[in-house]
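This briefing concerns the protein chain shown below. Topics are grouped so that each may be read alongside the coordinates.

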Amino acid sequence: MSQPPPLPREDDPFAPVFVVGYMHSGTTLLHNMLAAHPSVFAAADETRFFGYLPLITELYPDLGDDGTLADLIAMVMDLIAHGDPARLRAAPRRYRPAGYDDAGDAIAAVIDAIGPDRRYGMVFRRTFEHLARRAGKTRWLEKTPQHVFTIDDILRDIPGARFVEIVRDPRDILASKKKRKQAMRGRVATQADQIKALERVYEPLWESLEWRLALRAGQQAAARYPDRVHSLRYEDLVADPERVLAAACAFAGLDFSPDMLDVRWWNTAEGDRSGRTGVVSDAVGRWQRSLSVPEVAVCQRVTGAQLRRAGYPVVPVPARAWPGALGLAIRAGFGLIDRLIRRWRLGGTPFLKNTLKNYARELRKLVRG
């Protein structure tokens, strides 16, 4: 595998932190902790910007055109402020991003900051920096789990970026996604909810394979950029939050404060925002109560050596589990077709093409690995 060129030295006063990993790995918890730092400006939710670049480049093809550039900046401002993934598939249009009284002035300021270097990643960077400066913050934070696959792309435009990767037992991830699918059944209504519903598809084989790909992507990025990627385990974070978060803060160049641990609790699996605060560990090992034996068998078969290397013990699986595991594998084939059809229905050909390009990219990495 070819090595990327060395990163340029850059004194970035707004050096961002990206929280990455795999879905349901505790990225929201880690994001909320880091966002509690008084110097940090954080996006409201996942932007998914770099993962959707194939789609974005189709919607905004000519950044040399001032109108197109202004439209893209406005979309990114909305994305940062509201975290609505539906904005990524909206047709470009002249509009003022919601919640900004001075949107025109803000867009003009971002265009000036971008200068002649009109790359998509630079638009994202300068927009975030402007909003952070406007909020009186000196650092900015973004959390999109899938950005673990695009670390190379991000560092090309933001050489000063830092990545904090969180890893979790894939069996607990399956348990969380299974619970979320059950809890959200029948509640899909808005366009944004329809996009989020794509993530509620629960197929143990595909979830396990994607966890394996995400873990490998993080490991490869850490090997290429050891001073840019810091990895931690969800289980360690909830067991000893002060020590683990302090280490992440030291890596990111942030002063740790115990107040950062007093975060609002949000059960991602159930979509439940409540008044509960603090760090809890009651979700560790939930898979032992939630998953069927065939589901465990599929997960362990797919993740295999990566599961062990990440420090998670493999449990014995009885022979009677394998017929059921085979059934899950067959169902996964139809599940992939269903995912692609739903993406096409939701976002048309551009949305489907974006999905296929991302799948092809990760499969190539898996084969090369």
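Strands β1 and β4 pair in the parallel sense, and five bridges join them. Within this pairing, G21 has I166 of β4 as its bridge partner. The model is a predicted one. Its protein chain holds 14 helices and seven strands, and 53% of its 369 residues count as buried.

**The sheet**

- The β1-β4 pairing belongs to an open sheet of five strands, ordered β2-β3-β1-β4-β5, in which the pairing is parallel.
- The edges of the sheet are held by β2 (40-42) and β5 (229-233); each has a single partner strand, so one side of each is left without a neighbour in the sheet.
- From one strand to the next, the twist averages 25°.

**Pairing on the β3 side**

- Strand β1 (residues 17-21) is paired with strand β3 (residues 139-143) in the parallel sense over three bridges.
- Two positions illustrate the register of β1 on β3: V19 lies opposite K143, and V17 has L141 as its bridge partner.
- The pairing of β2 with β3 is likewise parallel, with three bridges between these strands.
- In that pairing, A42 is found opposite L141 of β3. L141 therefore appears in both registers, as the bridge partner of V17 and opposite A42.**Pairing on the β5 side**

- Strands β4 and β5 are joined by five bridges, again in the parallel sense.
- V164 is positioned opposite H230 of β5.

**Helices packed on the sheet**

- Helix α5 (residues 120-134) packs on the sheet and touches β1, β2 and β3. The direction of α5 makes about 125° with that of β3.
- Helix α9 (residues 204-224) also packs on the sheet, where its contacts are with β1, β4 (162-167) and β5. The angle between the directions of α9 and β4 is about 140°.
- Strand β1 is thus named among the contacts of α5 and among those of α9.

**Burial of the inner strands**

- Strand β3 is mostly covered, with five of its five residues buried.
- The cover extends to both faces of β3: R139, L141 and K143 are buried on one side, and W140 and E142 are buried on the other.
- Strand β4 is largely enclosed by the rest of the structure, because five of its six residues are buried.

**Cavities**

- The model contains two cavities of 30 Å³ or more.
- The largest cavity encloses about 50 Å³ of space.
- Its lining is made up of G21, Y22, S25, E165, I166, V167, W211, A214 and L215.
- Both β4 and α9 contribute at least two residues each to the lining of the largest cavity.
- By residue class, the lining of the largest cavity comprises six nonpolar residues, two polar residues and one charged residue.
- The bridge partners G21 and I166 are both included in the lining of the largest cavity.

**Two buried positions outside the sheet**

- L63 sits in the loop between α2 (53-59) and α3 (66-82). With a relative accessible area of 5%, which is under the 20% limit, L63 is buried.
- Leaving aside residues up to four places away in sequence, L63 touches T68, L69, L72, R118, R119, Y120 and V123.
- L63 and V123 lie 60 residues apart in sequence, yet their C-alpha atoms are 9.5 Å apart in space.
- I56 belongs to helix α2 and counts as buried, at 0% relative accessibility.
- A distance of 8.6 Å separates the C-alpha atoms of I56 and L72, which are 16 residues apart along the chain. L72 is also one of the residues that L63 touches.

**Contacts across the chain**

- Considering contacts in the protein chain between residues at least 6 apart in sequence, 76% join residues at least 24 apart.

Notes. Residues are numbered from 1 along each chain as its sequence is written. This is a predicted model: local features need pLDDT of at least 70, side-chain atom pairs count only at pLDDT 80 or more; totals for chains, interfaces and linings use all residues. Side-chain values use heavy atoms; hydrogens and water are left out. Two strands pair if DSSP finds at least two bridges between them. Helices (H or I, at least four residues) and strands (E, at least two) are DSSP runs, numbered from the N terminus. Axes are lines fitted to C-alpha atoms, for helices over the stretch in contact, and angles run from 0 to 180 degrees between N-to-C directions. Contact means heavy atoms within 4.5 Å. Buried means under 20% relative accessible area, exposed over 50%, partly exposed in between (1.4 Å probe, protein chains only). On a 1 Å grid over the protein atoms alone, a cavity is a set of points where a 1.4 Å probe fits but cannot get out, and a pocket is an open set with protein on both sides within 12 Å along at least five of seven lines; lining residues have an atom within 4 Å of a point. Grid points are joined across faces, edges and corners, and a volume is the space filled by probe spheres set on the points. Ala, Val, Leu, Ile, Met, Phe, Trp, Tyr, Cys and Pro count as nonpolar, Asp, Glu, Lys and Arg as charged, and the others, Gly among them, as polar.
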